Amino acid sequence: MSEIRLCVSKDCNFKCSYCNSGGEGIFTQNPPMTVKEIRDCVEFLTYMGVDSVRITGGEPFIRKDIIDIIKELRKIKKIKYISIVTNGSLLTKEKIEILEKQGINNITVSLDTLDIMAQLSRQKSKVFIMN
């Protein structure tokens, strides 16, 4: 399996060091790629052996079109595995069900601490906590 890391957004709703390390460079000067541009790019990369996509950010769920991106990636026949890395704060039960229907193979929830109060104090917006 040959995997690419697809960073779909530089934006994040937390203030942890992962998204705010200052190393984004040129990415901060350009608008994000459109859904079609992402699909075309990934489809081109399949001809070089890519068959797995790990969607990252910033926070991927900041993008309003993240589900559309996943739907388009799933249409690419040579892509066998799609995963997403998120801080989990914008995940809802509905989004998880949609991701499952779209064939997401893995969701990684990345936390920079297990201390919920420390995590909440780093955020820029409200957090959804699922029981």
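This briefing describes charged pairs, a loop contact and a nonpolar surface patch. The structure is a predicted model, and 7 salt bridges are counted in it. Side chains of opposite charge can pair when their charged atoms come close. The points below take up several of these pairs, and then turn to the loop around Ser9 and to the patch that includes Leu111.

**Salt bridges in and around helix H1**

- Within helix H1, which spans residues 35-46, Asp40 and Lys36 lie 4 residues apart, or about one turn of the helix, and their side chains form a salt bridge in which the closest N and O atoms are 2.6 Å apart.
- The partners in this pair fall into separate accessibility classes: Asp40 counts as partly exposed because its relative accessibility is 36%, whereas Lys36 is exposed because its relative accessible area is 57%, and exposed means over 50%.
- A network is also present, in which salt bridges that share partners join Arg39, Glu43, Glu72 and Lys75.

**A salt bridge with a buried arginine**

- Asp65 and Arg63 form a salt bridge, with 2.8 Å between the closest N and O atoms.
- Arg63 has a relative accessible area of 11% and is therefore buried, since the class of buried residues covers values under 20%.

**The loop around Ser9, Lys10 and Asp11**

- Ser9 is placed in the loop between strand S1 (3-7) and H1, and it counts as buried because its relative accessibility is 5%.
- A polar atom of the Ser9 side chain lies 3.0 Å from the backbone nitrogen of Asp11, while the side chain of Asp11 meets that of Lys10 in a salt bridge with an N to O distance of 3.1 Å. Asp11 thus takes part in one contact through its backbone and in another through its side chain.
- Both members of the salt bridge are partly exposed, Lys10 with a relative accessible area of 33% and Asp11 with a relative accessibility of 37%.

**The nonpolar surface patch**

- Ile96, Ile107, Val109 and Leu111 make a nonpolar patch of about 290 Å² on the surface.
- Leu111, one of the residues in this patch, lies in the loop between strand S4 (106-109) and helix H4 (116-121).
- The relative accessible area of Leu111 is 43%, so this residue is partly exposed, and it can belong to the patch because patch residues need over 30% relative accessible area.

Notes: Residues are numbered from 1 along each chain as its sequence is written. This is a predicted model: local features need pLDDT of at least 70, side-chain atom pairs count only at pLDDT 80 or more; totals for chains, interfaces and linings use all residues. Side-chain values use heavy atoms; hydrogens and water are left out. Patches are made of residues with over 30% relative accessible area and no salt bridge: like charges are joined within 9 Å, nonpolar side chains (Val, Leu, Ile, Met, Phe, Trp, Tyr) within 5 Å. Accessible areas come from the Shrake-Rupley method with a 1.4 Å probe; for residues, only the protein chains shown count as cover. A salt bridge is a side-chain nitrogen of Lys or Arg within 4 Å of a carboxyl oxygen of Asp or Glu. Helices (H or I, at least four residues) and strands (E, at least two) are DSSP runs, numbered from the N terminus. Buried means under 20% relative accessible area, exposed over 50%, partly exposed in between (1.4 Å probe, protein chains only). A polar contact is a pair of N or O atoms within 3.5 Å; within protein, one must be able to donate a hydrogen and the other to accept it, and residues adjacent in sequence count only if both atoms are side-chain atoms.
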